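Subject: Structure for your review

Dear colleague,

Please find below the structure I am handing over to you. A summary of what was found in it follows directly after.

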Amino acid sequence: MRRHVLILGADGFIGRHIAFAARRAGWQVTAHARNPKALGRMGFTTLRADLCDPATHDPAFWKPALAEGVHVINAAGLLSGPDADMHAVHVAAPAAVYAALAQGARGVLVSAIGIEADTPFARHRRDGETAAPGTVTILRPGLILGHTSYGGSSLARALAALPLVTPVVGRGDQPFNPIHTDDLAAIALHSLEQPPATGPHVVGGPETVTQKQMLQAMRGWMGLRPALTVPLPRPLARVLGTLGDAMRLGPISRVAVDQLSHGVHAPHALPDGPQPRAFTAILHAQPSGTQDLWHARLYLMRPLLRLVLAFLWLASGVLGLTLPAADFLPLVSDTLPDTLLIVMARAGGIADLGIAAALLRGWRPRLMAGVQLFMIATYTIAFTALNPALWLLPLGGLLKNVPLLALIAITAILERER
């Protein structure tokens, strides 16, 4: 058979690992993504396509990439979003890809376990499985771990790395049997070469551990001393997850909380295919590095930093709109007309409140980091021109803007997950 595969969603956590595993195994890989520039720099042949674009819902769009028996692994997916986007990514675009497969070509759909639930994600995943023809093998993996991490696995590392305590949702007795991304990739590639019986196939590792045991083991893998396990009541965890969704706080979400609340147990594997490694073997196979500990420790700092900055801009905006002119005009007296200075202060207050609202909503976080850097730099230059002595105020004055610029720059780095 021809060993050429198109990987949908190759820039995601699962897709990247499958792409690299396929290349190591000697497959010719075409890596698809909405923005594949990074994949191109990694040495892959790429295909740029937004699965929400109606053009990708036509098999004719995909036929050139799937000519001469090219196979497909569909690792694309959305956890949340508008209903139209969810349908496009999980159903419409993949259905067009399957229809464009040449005779004899095979496909693999990396779906998800637990899609019997009554949620938009589960419903669209089920519809996506229904759209897959018999030539497509459906895999439903459980919790996926890898040399890198994303989403649920990143949150698990972050909880395990907290100082002093390790919080668990509920009693921490929920079952997990993680599977490594490389093992999932091996199963997916095997399914192209030796198609198994009709699926869906639930795939997980052979070792089952509780949530508490999993987090304790991850903590030990990072070389950290044992910590006190603290139960987090499920209702409180769900409230935190709901707030995280509303504010787009990344690792704090209902999906992540539900995953930890109910456990992720996928007890099966393909009987005649590659066998996944046990959870303990996964941890023992790869040493943790400084970057793993840094990522785990900084992961929950990312939403915290955004909330701190939002509070800063909110307070600055309120002060800019309400502070009496007599309290700030003496600081910049005899520079510009008082009326103009008051207008500038009120306008700055409105702008600051707009930045605070964007941060609280999680709107375009990397763009907003640039906006914050620009605003603080502008304020610093303007007030330096109006009154250089503001740098010498006892409590910091303009001097505080220097660490603020560094903090925002760090936040911009943390907001990039892939």
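By class, the lining of the second largest pocket has 24 nonpolar, eight polar and four charged residues. Please note that the model is a predicted one. The pocket itself holds about 1300 Å³ of space, and 36 residues line it. Those nearest its centre are Ser316, Asp352, Tyr379, Phe383 and Leu398. Two or more lining residues come from each of helix 13 (301-322), helix 14 (325-328), helix 15 (338-361), helix 16 (365-386) and helix 17 (401-414). Which helix gives the most to this lining? Helix 16 does, with eight residues.

Overall architecture

The protein has 17 helices and 13 strands. Its C-alpha trace spans about 80 × 55 × 40 Å along the principal axes. Of the 418 residues in the protein, 46% are buried.

The cavity

How many cavities of 30 Å³ or more does the structure hold? There is one such cavity, and the space in the largest cavity comes to about 40 Å³. Its lining consists of Asn74, Ala76, His90, Leu109, Ser111, Arg125, Gly128 and Glu129. By class, these residues divide into two nonpolar, four polar and two charged. Helix 5 (residues 120-131) gives the most to the lining of the largest cavity, namely three residues.

Salt bridges

Side chains of opposite charge can pair when their charged atoms come close. In this model, the count comes to ten salt bridges. Three of them are described here, beginning with one that involves a residue of the cavity lining.

Glu129, which helps to line the largest cavity, forms a salt bridge with Arg140 at 2.7 Å, N to O. The pair links distant parts of the chain, with Arg140 in strand 6 (residues 136-141) and Glu129 in helix 5, eleven residues apart. Are these two residues buried or exposed? Arg140 has a relative accessible area of 16% and is therefore buried. Glu129 is at 10% relative accessibility, so this residue also counts as buried; the cut-off for buried is under 20% relative accessible area.

A second salt bridge joins the side chains of Arg157 and Asp292, at 3.1 Å, N to O. Because Arg157 lies in helix 6 (residues 152-160) and Asp292 in helix 12, this pair ties together parts that are 135 residues apart in sequence. Both Arg157 and Asp292 are buried.

The third pair is Arg171 and Asp173, whose closest N and O atoms are 3.1 Å apart. Arg171 counts as exposed, at 69% relative accessibility, whereas Asp173, at 38%, counts as partly exposed. Salt bridges that share partners also join Glu116, Glu129 and Arg140 into one network.

The nonpolar surface patch

Which residues make the nonpolar surface patch of about 470 Å²? The patch is made by Trp294, Leu298, Met301, Leu304 and Val308. Helix 12 (290-299) and helix 13 each give two or more residues to the patch, and the largest share, three residues, comes from helix 13. Helix 13 is thus named twice in this account, since two or more of its residues also line the second largest pocket. Trp294 has its place in helix 12. Why does Trp294 count as exposed? Its relative accessibility is 59%, and the cut-off for exposed is over 50%. Helix 12 also holds Asp292, the partner of Arg157 in the salt bridge described above.

A further residue

Phe61 is found in helix 3 (residues 59-62). With a relative accessible area of 33%, Phe61 is partly exposed. Phe61 and Ala117 are 56 residues apart along the chain, and their C-alpha atoms are separated by 33 Å.

Yours sincerely

Notes
Residues are numbered from 1 along each chain as its sequence is written. This is a predicted model: local features need pLDDT of at least 70, side-chain atom pairs count only at pLDDT 80 or more; totals for chains, interfaces and linings use all residues. Side-chain values use heavy atoms; hydrogens and water are left out. On a 1 Å grid over the protein atoms alone, a cavity is a set of points where a 1.4 Å probe fits but cannot get out, and a pocket is an open set with protein on both sides within 12 Å along at least five of seven lines; lining residues have an atom within 4 Å of a point. Grid points are joined across faces, edges and corners, and a volume is the space filled by probe spheres set on the points. Helices (H or I, at least four residues) and strands (E, at least two) are DSSP runs, numbered from the N terminus. Ala, Val, Leu, Ile, Met, Phe, Trp, Tyr, Cys and Pro count as nonpolar, Asp, Glu, Lys and Arg as charged, and the others, Gly among them, as polar. Patches are made of residues with over 30% relative accessible area and no salt bridge: like charges are joined within 9 Å, nonpolar side chains (Val, Leu, Ile, Met, Phe, Trp, Tyr) within 5 Å. Accessible areas come from the Shrake-Rupley method with a 1.4 Å probe; for residues, only the protein chains shown count as cover. A salt bridge is a side-chain nitrogen of Lys or Arg within 4 Å of a carboxyl oxygen of Asp or Glu. Buried means under 20% relative accessible area, exposed over 50%, partly exposed in between (1.4 Å probe, protein chains only).
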